[in-house]
Amino acid sequence: MVVGAFPMAKLLYLGVRQISKPLANRIKEAARRSEFFKTYICLPPAQLYHWVEMRTKMRIMGFRGTAIKPLNEEAAAELGAELLGEATIFIVGGSCLVLEYWRHQAHQRHKEEEQRAAWEAMQDEVGRLALAFEALQAQVQAAASPSALEELRAQVREVRAQLRAREAHVPSATQAASSSKN
């Protein structure tokens with residue numbers, strides 16, 4: 001069972017959205033009961049909504065310049081409470097979308113930073129390997145080539161021959177010295 005792959009943030013956002021519906025219902029209920037809430041919060045948006053809706057309908061039907069009667073207080077309070085409840089659900093849903101977008105962007109930035117760091121590490125490793133390769137290449141070039149080895153072997157043979165020739169002269173000189181003493 002993979003727990004890390006389960007989108008806990010999405011489940012949390014879904015829970016918040018589900019909680020927003022009862023919250024909107026409580027706000028509607030409070031709007032119906034409280035005189036201040038009804039007068040200053042619910043009625044003005046409801047009357048504006050009613051005015052815009054009726055004006056649009058009248059223009060579509062071809063009536064221009066007719067006066068629009070405001071809603072009675074009870075109907076306006078009900079419409080205002082509904083608008084407020086829908087606005088609450090819409091705001092919570094929109095907030096969830098914005099939060100999910102920000103979370104996704106942060107995840108993308110983190111992923112890009114990891115990729116950039118991995119790329120830089122690879123470039124550093126390639127540079128280090130290039131330097132090591134150049135050093136090894138220089139060592140190989142500095143090492144004697146096969147023809148140079150043959151030349152060195154010939155020089156060693158010549159030195160040995162010269163040493164043998166000296167050894168041959170040295171014993172005869174030591175023998176002469178020993179015979180003159182006797």
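Student: Into which class, buried, partly exposed or exposed, does Lys57 fall at 41% relative accessibility?

Tutor: This is a predicted model, in which local features need pLDDT of at least 70 and side-chain atom pairs count only at pLDDT 80 or more, whereas totals for chains, interfaces and linings use all residues. Residues are numbered from 1 along each chain as its sequence is written, and side-chain values use heavy atoms, with hydrogens and water left out. A residue is called buried under 20% relative accessible area, exposed over 50% and partly exposed in between, with a 1.4 Å probe and only protein chains taken into account. Because its relative accessibility is 41%, Lys57 counts as partly exposed.

Student: With which residue does the side chain of Lys57 meet in a salt bridge?

Tutor: A salt bridge requires a side-chain nitrogen of Lys or Arg within 4 Å of a carboxyl oxygen of Asp or Glu. The partner of Lys57 lies 4 residues away in helix α2, which means about one helical turn, and this partner is itself partly exposed at 28% relative accessibility. The bridge has an N to O distance of 3.5 Å, and the residue that Lys57 meets is Glu53.

Student: How many helices does the secondary structure of the protein chain contain?

Tutor: Helices are DSSP runs of H or I with at least four residues, strands are runs of E with at least two, and both are numbered from the N terminus. From that terminus on, the elements run α-α-α-α. The chain has 0 strands, and its helices number 4.

Student: How far apart are the end C-alpha atoms of α3?

Tutor: Helix α3 covers residues 73-142. The expected span of a helix is 1.5 Å times one less than its number of residues, so the 70 residues of α3 should span 104 Å. The model agrees with that expectation, the separation of the end C-alpha atoms being 101 Å.

Student: Which residue of α3 is buried and also meets Arg103 in a salt bridge?

Tutor: The buried residues of α3 include Ala76, Gly85, Val92 and Cys96, but the residue sought must also reach Arg103, which is partly exposed at 38%. The bridge to Arg103 has an N to O distance of 2.8 Å, and the two partners are 3 residues apart in α3, about one helical turn. With a relative accessible area of 18%, the buried partner is Glu100.

Student: What is the distance between the closest N and O atoms in the salt bridge of Arg128 with Glu125?

Tutor: Both residues lie in helix α3, 3 residues apart, about one turn of the helix. Arg128 is partly exposed at 46%, and Glu125 is likewise partly exposed, at 34%. The closest N and O atoms of their salt bridge are separated by 2.5 Å.

Student: Are the ring planes of Phe36 and Tyr40 stacked, edge-to-face or tilted?

Tutor: Rings of Phe, Tyr and Trp (its six-membered ring) pair if their centres lie within 6.5 Å; planes under 30 degrees apart count as stacked, over 60 as edge-to-face and the rest as tilted. This rule gives 1 aromatic pair. The rings of Phe36 and Tyr40 have centres 5.1 Å apart and planes at 45°, so the pair is tilted.

Student: What relative accessible area does Tyr40 have?

Tutor: Tyr40 shares helix α2 (residues 35-61) with Phe36, 4 residues apart, about one turn of the helix. Phe36 counts as exposed at 55% relative accessibility. Tyr40 is also exposed, its relative accessible area being 58%.

Student: Which residue offers its backbone oxygen to lie 3.1 Å from a polar atom of the side chain of His50?

Tutor: His50 is found in helix α2 and counts as buried, because its relative accessibility is 11%. The backbone oxygen lying 3.1 Å from a polar atom of the His50 side chain belongs to Lys69.

Student: What distance separates the C-alpha atoms of Arg32 and Ala81?

Tutor: Arg32 is placed in helix α1 (residues 8-33) and is partly exposed at 29% relative accessibility, whereas Ala81 is among the buried residues of α3. Although these residues are 49 residues apart along the chain, their C-alpha atoms are separated by 7.2 Å.

Note on methods: Polar contact = N/O pair within 3.5 Å; in protein donor to acceptor, adjacent residues only side chain to side chain.
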